[in-house]
Amino acid sequence: MSSSPSGRLGGASVVIIDYGAGNIKSIQFAFKRLGYDAVLSNNPEEIKAADKVIFPGVGEASSAMKMLRETGLNKLIPTLKQPVLGICLGMQLMCLHTEEGNTEGLGIFQTKVKRFSDDVKVPQMGWNIIKDLKSELFTYIKENEYMYLVHSYYAEHCNETIAATDYGINYASALQHENFYGTQFHPEKSGNEGVKILKNFINM
């Protein structure tokens with residue numbers, strides 16, 4: 001089946017924000033498994049017109065924020081009205097501030113991002129459980145399900161925490177504020193359970 005420019009395959013249109021800091025191919029492949037041709041875009045009109053928006057991120061926070069500011073996406077993203085999912089660094093950049101590069105974030109989630117202590121191996125890399133699940137994002141996901149994580153910084157708990165993980169400290173591994181969602185883990189790399197989370201996001 002051919003895809004339209006908006007990334008629609010007979011369902012919701014999905015746009016992945018393209019700002020040069022993301023593991024895009026694995027996200028695109030995960031949506032392809034669900035029947036959606038997720039489109040890369042940094043075009044504000046195309047992003048605003050999408051039914052669902054993915055805000056990815058792999059790399060260093062201050063460099064990523066610099067790219068967002070240069071494209072004006074730092075102003076656009078907080079104004080989006082459709083469901084938005086930030087993944088890994090994407091979620092961290094949606095917070096108030098991160099210690100990585102002493103960087104101000106987008107201020108969507110009212111929490112700060114801290115570096116893990118030297119008491120644990122950094123980065124945390126591999127599978128770990130998520131628990132205390134509190135959102136429709138986790139429909140059909142069991143407590144203590146394993147997800148895949150790669151990160152050296154973590155979001156502190158706040159009123160917007162919708163999942164928690166232990167790694168030297170108990171931290172927020174997922175956040176939600178209104179139409180904005182964030183996961184520290186990579187659902188696109190977390191097997192069938194991660195794909196369920198992406199499907200839940202699409203079905204919102």
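Residues count as buried when their relative accessible area is under 20%. By this criterion, helix 6 of the predicted model has Glu-193, Gly-194, Val-195, Ile-197, Leu-198, Asn-200, Phe-201 and Ile-202 as its buried residues. The helix is 12 residues in length and spans 17 Å between its first and last C-alpha atoms, close to the expected 16 Å. Its buried residues pack against a varied set of partners, namely helix 1 together with strand 1, strand 3 (52–55), strand 4, strand 9 and strand 13 (180–183).

The packing against helix 1 can be followed residue by residue. Ala-30, Phe-31 and Arg-33 of helix 1 meet Asn-192, Val-195, Leu-198 and Ile-202 of helix 6. The axes of the two helices come within 10 Å and cross at roughly 75 degrees. Since angles of 65 to 115 degrees count as roughly perpendicular, helix 1 and helix 6 are therefore roughly perpendicular to each other.

Nonpolar side chains in soluble globular proteins tend to be buried together. In this model, the largest nonpolar core holds 34 residues, of which Phe-31, Ile-54, Ile-130, Phe-138 and Phe-185 touch the most other members. At least two core residues come from each of strand 1 (14–17), helix 1 (24–33), strand 4 (84–87), strand 9 (145–151), strand 11 (161–166), strand 12 (170–177) and helix 6 (191–202). A second core is separate from this one and has 32 residues, including Ala-50, Leu-93, Leu-106 and Cys-158.

Phe-138 offers a helpful view of the surroundings of one residue. Leaving aside residues up to four places away in sequence, Phe-138 touches Ile-130, Leu-133, Ile-162, Ala-163, Ala-174, Phe-185, Ile-197 and Asn-200. Of these contacts, Ile-197 and Asn-200 are among the buried residues of helix 6.

Aromatic rings add a further set of contacts, with seven aromatic pairs found across the whole structure. One of them, Phe-116 with Tyr-167, is edge-to-face, with 5.2 Å from centre to centre and 75 degrees between the planes. Phe-116 lies in the loop between strand 7 (109–115) and strand 8 (124–130), and Tyr-167 in the loop between strand 11 and strand 12, so the pair ties together parts 51 residues apart in sequence. Phe-116 has 3% relative accessibility and so counts as buried.

Tyr-154 and Tyr-171 make a tilted pair, at 5.9 Å centre to centre and 50 degrees between the planes. This pair, too, links distant parts of the chain: Tyr-154 belongs to strand 10 (residues 153–155) and Tyr-171 to strand 12, 17 residues apart. Both tyrosines are buried. Together, Phe-116, Tyr-154, Tyr-167 and Tyr-171 form one aromatic cluster.

Notes:
Residues numbered from 1 in each chain as written. Predicted model: local features only at pLDDT ≥ 70, side-chain atom pairs only at ≥ 80, totals over all residues. Heavy atoms only, no water. Core = buried A, V, L, I, M, F, W, Y, C linked by side-chain atoms within 4.5 Å. Buried < 20%, exposed > 50% of the residue type's maximum accessible area, 1.4 Å probe, protein only. Helix = DSSP H or I, 4+ residues; strand = E, 2+ residues; numbered from the N terminus. Contact = heavy atoms within 4.5 Å. Expected span 1.5 Å × (residues − 1). Phe/Tyr/Trp six-rings, centres within 6.5 Å; stacked < 30°, edge-to-face > 60°. Axes fitted to C-alpha atoms, helices over the stretch in contact; angles between N-to-C directions. Parallel < 35°, antiparallel > 145°, perpendicular 65-115°, else oblique.
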